[in-house]
Every structure is written in C-alpha cells, then in structure tokens.
Amino acid sequence: MKNFLRENAVVKSRLGLCAAVGVTTTFWGGFAMGITVTAILTVQMLVMSLVAKNISEFGRVVVSLMLGAGLASLADVVMKSFFYDISMALGWYIPLIAVSGLIVVLAPSGADETAGRAAAKGFVAGLGYMLMLISVSLVRELLGFGSLFGIPLGLKPMSLMTTPFGGFIVLGLTAALVQWLGREKNVQEAGNGHQ
C-alpha cells in the first residue's frame, strides 16, 4: 500500500471536499465523518470485490452507487439511533456520502481486487481521509472556537475559521503541508538511492 498521507484522496485528487469543509468545524464532526466514510468505503469495496467481477464498467458504477446509497442510508439510521447529537451535527452530509467523489471514484475499483485487498484498500483510503478531516478539524476548532475536543482553552476565537471560507483556507494549507512533506520524503529517498 502506498503512503496513505501522500496518496490521500483529498490532497491528491481533491475528492470529498464538500464534507471536508462542511463537517470539520469541530474535532468530533471530522472524526465521526471520517469513521463513517472509512466504514462505508471498506464494506463497499469488499462487497464490490465479491459481486462485481463479471459486471461491465458501467454496471459496476451503477452497483457501486446503489450499494453506497444503501450503506449511507444504513449509517444515517444507525447514527440517528445511537449518536443522535453527532447525526444532527453532520446533517445531510451522511446521506451524501453515497455520491461523494471519494466513494464514486474508488469503490468500483474494488471489483478488480481480491476481497482482502479490496477491503484493505478501502480502509486505507478511508483512514487517510479521516486523518485529513481530523487535522483540519483540530485547527478549525482551535482557531474558530478557542477549544479542543470541545474543551474551552480560553483563546480568543477567530470566527472566520468556522465559515466555509475558513475551512477552505485550513484545508488548502493542510493539503499543501502534506504534499510538501511527501516531496521532502521523496527527495530524501532519491538521495539515499544514489549513495
């Protein structure tokens, strides 16, 4: 598996930006969305590997979208039943997971993998997405509300960070940092190979 930070779908392909900006005003929003996307993507890719081997490319997309819609609906019902406050905070972003670019692009590729490899690929992609959401959430919560994990720290809040514009600023800077760290590692690896 490639490095899940350098190959992160948000950083590399700009997938899942809507949710990445919409739910990351607090740590718990980013964490809950990350866990949900990771679970859906893992199960969806696993199921795709088991049922879609002999389906055409177009058919795979249709099956993947229907499966994603079912899994997102299930996640929405489970969250409303057991984690009502988080469900209300995430709002309509949970049902939208089914048509998220991350899911739509990655899930059909599970049909070309073994079950274990497809599930692992989905889990790693979801974990990378979750880590990006958590990183953005922590910065936005700290700067936007003056708190971490919902605990006030006595800092003066910058309300700009709680807006979508502030979310894009933090997301862009976080993505740039991840890409820069990836390039630095590539330069070091290339330098070590020539010695």
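Start by selecting Glu113 in this predicted model. You'll find Glu113 in the loop between α7 (101-106) and α8 (115-145). Is Glu113 buried or exposed? Glu113 counts as buried, because its relative accessibility is 17% and the cut-off for buried is under 20%.

Keep Glu113 on screen and show what surrounds it. Setting aside neighbours within four places in sequence, Glu113 is in contact with Ser49, Lys53, Ala118 and Lys121. Now add Met48 and draw a line between the two C-alpha atoms: Glu113 and Met48 are 65 residues apart along the chain, yet these atoms are separated by 8.9 Å.

**Next stop: α3 and α4**

Met48 leads us into a helix pair. Select residues 27-51 for helix α3 and residues 57-82 for helix α4. In general, two packed helices are described by the angle between their axes and the distance between the axes. Here the angle is about 140° and the axes are 10 Å apart, so α3 and α4 are oblique to each other. The crossing of this pair is right-handed.

Which residues make the contact? On the α3 side, pick Ala32, Thr36, Ile40, Val43, Gln44, Val47 and Met48. On the α4 side, pick Arg60, Val63, Ser64, Leu67, Gly68, Leu71, Ala72, Ala75 and Met79. Try colouring them by class: the contact of α3 with α4 has 11 nonpolar, 4 polar and 1 charged residues.

**Zoom in on Arg60**

Stay in helix α4, which is where Arg60 sits. Relative accessibility for Arg60 is 7%, so Arg60 counts as buried. What does Arg60 touch, leaving aside its neighbours within four places in sequence? Light up Met48, Ala52, Lys53, Ile55, Pro108, Ala111 and Asp112, and you have the list. You've already met Met48, as part of the α3 side of the helix contact, and Lys53, as a contact of Glu113.

**Over to α3 and α8**

Leave α3 selected and bring in α8, residues 115-145. The two axes come within 8 Å and cross at roughly 165°. Angles over 145 degrees count as roughly antiparallel, and α3 and α8 are therefore roughly antiparallel to each other. As you turn the view, note that α3 passes α8 in a right-handed crossing. Sorted by class, their contact has 20 nonpolar, 8 polar and 2 charged residues.

**A loop between two strands**

Now jump to Phe149, in the loop between β1 (147-148) and β2 (151-152). Check the backbone angle here: Phe149 has a positive phi of about 55°, although it is not a glycine. Most residues other than glycine have a negative phi. How much of Phe149 is accessible? The relative accessible area is 42%, so Phe149 is partly exposed.

**Zoom out**

Finish with the whole protein chain, which has 9 helices and 2 strands. Walking from the N terminus, the order is α-α-α-α-α-α-α-α-β-β-α. Switch on the surface: the accessible area comes to about 10400 Å², with 70% of it belonging to carbon and sulfur atoms. Buried residues make up 39% of the 195 residues in the chain.

One last thing to try is drawing the contacts between residues at least 6 apart in sequence; 72% of these join residues at least 24 apart.

Methods:
Residues numbered from 1 in each chain as written. Predicted model: local features only at pLDDT ≥ 70, side-chain atom pairs only at ≥ 80, totals over all residues. Heavy atoms only, no water. Axes fitted to C-alpha atoms, helices over the stretch in contact; angles between N-to-C directions. Helix = DSSP H or I, 4+ residues; strand = E, 2+ residues; numbered from the N terminus. Parallel < 35°, antiparallel > 145°, perpendicular 65-115°, else oblique. Left-handed = near helix turned anticlockwise from the far one by under 90°. Contact = heavy atoms within 4.5 Å. Nonpolar A, V, L, I, M, F, W, Y, C, P; charged D, E, K, R; others polar. Buried < 20%, exposed > 50% of the residue type's maximum accessible area, 1.4 Å probe, protein only. Areas by Shrake-Rupley, 256 points an atom, 1.4 Å probe, with all protein chains shown as cover.
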